[in-house]
Amino acid sequence: MNIHEYQAKQLFKEYGVPVQDGVAVKSEAEFDSAIAAIKGDHVVVKSQIHAGGRGKGEFVDGFKGGVKFVKREEAAATAKRMLGNTIVTKQTGAAGRVVGTVFFAEAMNIKKEFYLSILMDRASSKVAVVASVAGGMDIEKVAEETPDQIMKMIIDPDIGLQAFQIRKLAFFFGFGDKEMMKQFKAIFSGLYKLFIQKDCSMVEINPLILTDEGNIVALDAKVSFDDNALFRHPELEALRDPHEEDPKEIEAGKYGLNYIALDGNIACMVNGAGLAMSTMDIIKHFGGNPANFLDVGGGANEEAITQAFNILLKDKNVKGILVNIFGGIMRCDVIAAGVIAAVKNVGLTLPLVVRLEGTNVDKGRQMLAESGIKLTTADSLADAAEKIVKIVAAENK
Ligand code: ADP
Ligand code: MG
């Protein structure tokens, strides 16, 4: 789960990490009072979306920049251009994101910009810290072009962040003097504590800045939480922004289905994540395009399958459905009963190809054949994928 910059900064504050003051609003009526609360002649107006690269982003109506440094008098007009508008950045994809919240923040005098992130490192099964003296830039680009500007540090979560590691990173950033070291220690240890206590998968500051006045401040903030640990943090649920998530994905989550929307036209319903991946691959192999990833899991019953059909059909691009179930833990006759009931419940009219394999497969196939439902059966994964791709192509010429 991701949260907005302004929410991440609130968390930073709670953990003693300095951020600039700011006020987030969701309606034009609140602009004036929000701007009045910001100190200085200038205000930074920031679009709040769950994607980075906003500074260099462009709105669909041609307005440039999702992060604007403007005179106080121009702040409301600038925010007006952003709120409700759709911004496209390097991270949003071509469709962009609608800005539902604008964050007014205090302008800072930037002397130097840095990059600092804490994330899960799969290779070492530990926590990794990635730091760079080239802040405000795309970290992937820095890693490619000037890798010497990046430092990676591994923290053993059983031991925790050590004093020497804080010093090492402080010297790397050039925060060696006593006062700077003190500031940096509070920031780094606060961030690490946040990362661990809230079960984050990533905490990222780009840029972390040194101001002309000698203060170290997090100017941007990104926090992602590990979905599998969310049950331990009911307090985080309030930070969820449903506008940033696909409603189909939220709906699927309620029924224990793993659904991820994609941009093709062949919907897939599969049990098991690995099988779902290979099903998508083989659809592509035969020239088709999957509309989604959907893993109904090992214990999918009739209700879950009906809900899965409902979710698949909410995607208007879907022109055909491929059901590919391997009956292992799950018996094929149970799946067949689920498919039959679901198709009848939702009144499915789209082409449907079903491939069943595994326990009680004969009984399952017989049930499908006798059900009177219009569907095409297949006896292998390749056969199924080829059939649905052909049917969809023929019907949508
Ligand atoms: P994004 O990473 O999505 O582009 P940032 O919050 O990092 O958004 O802002 C982009 C750039 O805008 C920053 O790298 C910084 O140079 C400038 N900026 C952002 N906030 C401020 C601020 N409060 N004062 C001065 N400059 C800012
Ligand atoms: Mg940034």
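**Close-up views of ligand 1 and its surrounding strands**

**View 1. Polar contacts of ligand 1.** A backbone N or O atom of G53 lies 3.2 Å from an oxygen atom of ligand 1, and this distance, like everything else in these legends, is computed from a predicted model. Two side chains also take part: an N or O atom in the side chain of K46 is 2.7 Å from an oxygen atom of ligand 1, while an N or O atom in the side chain of Q20 is 2.9 Å from a nitrogen atom of the ligand. If ligand 1 is taken alone, it exposes 540 Å², and the protein buries 82% of that area.

**View 2. The shell around ligand 1.** Ligand 1 sits in the largest pocket, with 18 residues around it, of which Q20, K46, R54, G55 and E106 come nearest. Sorted by class, this shell has eight nonpolar residues, together with five polar and five charged ones. Four strands each supply at least two residues of the shell, namely β2 (42-48), β4 (67-71), β8 (110-121) and β11 (200-211).

**View 3. The open sheet of β3, β5 and β6.** Three strands form an open sheet in the order β3-β5-β6, and their pairing is antiparallel. The edge strands of this sheet are β3 (58-59) and β6 (97-98), each of which pairs on one side only. Strand β5, made of residues 86-88, is joined to β6 by two bridges, and these two strands run antiparallel; T86 stands opposite V98, which belongs to β6. As background for reading this view, strands of a sheet pair through backbone hydrogen bonds, and they do so in either a parallel or an antiparallel way.

**View 4. Strand β8 and its partners.** Strand β8, which supplies at least two residues of the shell around ligand 1, pairs with β11 in the antiparallel sense over eight bridges. The residue I110 has T211 in β11 as its bridge partner. Strand β8 is also joined to strand β9 (residues 126-132) by seven bridges, again with the two strands running antiparallel, and here S117 stands opposite V130 in β9. In the hairpin of β8 and β9 there are four residues between the strands, and S125 takes a positive phi near 55°. When following the side chains along a strand, it helps to know that in a regular strand they alternate between the two faces of the sheet.

**View 5. Backbone details in and before β11.** The loop between α6 (178-197) and β11 contains D199, a residue that has a positive phi of about 50° although it is not a glycine. Within strand β11 itself lies P207, and the peptide bond that joins N206 and P207 is cis, with an omega of about 10°. Strand β11 also appears in two earlier views, as one of the strands that each supply at least two residues of the shell around ligand 1, and as an antiparallel partner of β8.

How values were computed
Residues numbered from 1 in each chain as written. Chains lettered and ligands numbered in written order. Predicted model: local features only at pLDDT ≥ 70, side-chain atom pairs only at ≥ 80, totals over all residues. Heavy atoms only, no water. Near = heavy atom within 4 Å. Polar contact = N/O pair within 3.5 Å; in protein donor to acceptor, adjacent residues only side chain to side chain. Areas by Shrake-Rupley, 256 points an atom, 1.4 Å probe, with all protein chains shown as cover. 1 Å grid on protein atoms, 1.4 Å probe; cavity = no way out; pocket = protein on both sides within 12 Å on 5 of 7 lines; lining within 4 Å. Sits in = over half its atoms within 2 Å of the grid points. Nonpolar A, V, L, I, M, F, W, Y, C, P; charged D, E, K, R; others polar. Pairing = 2+ DSSP bridges.
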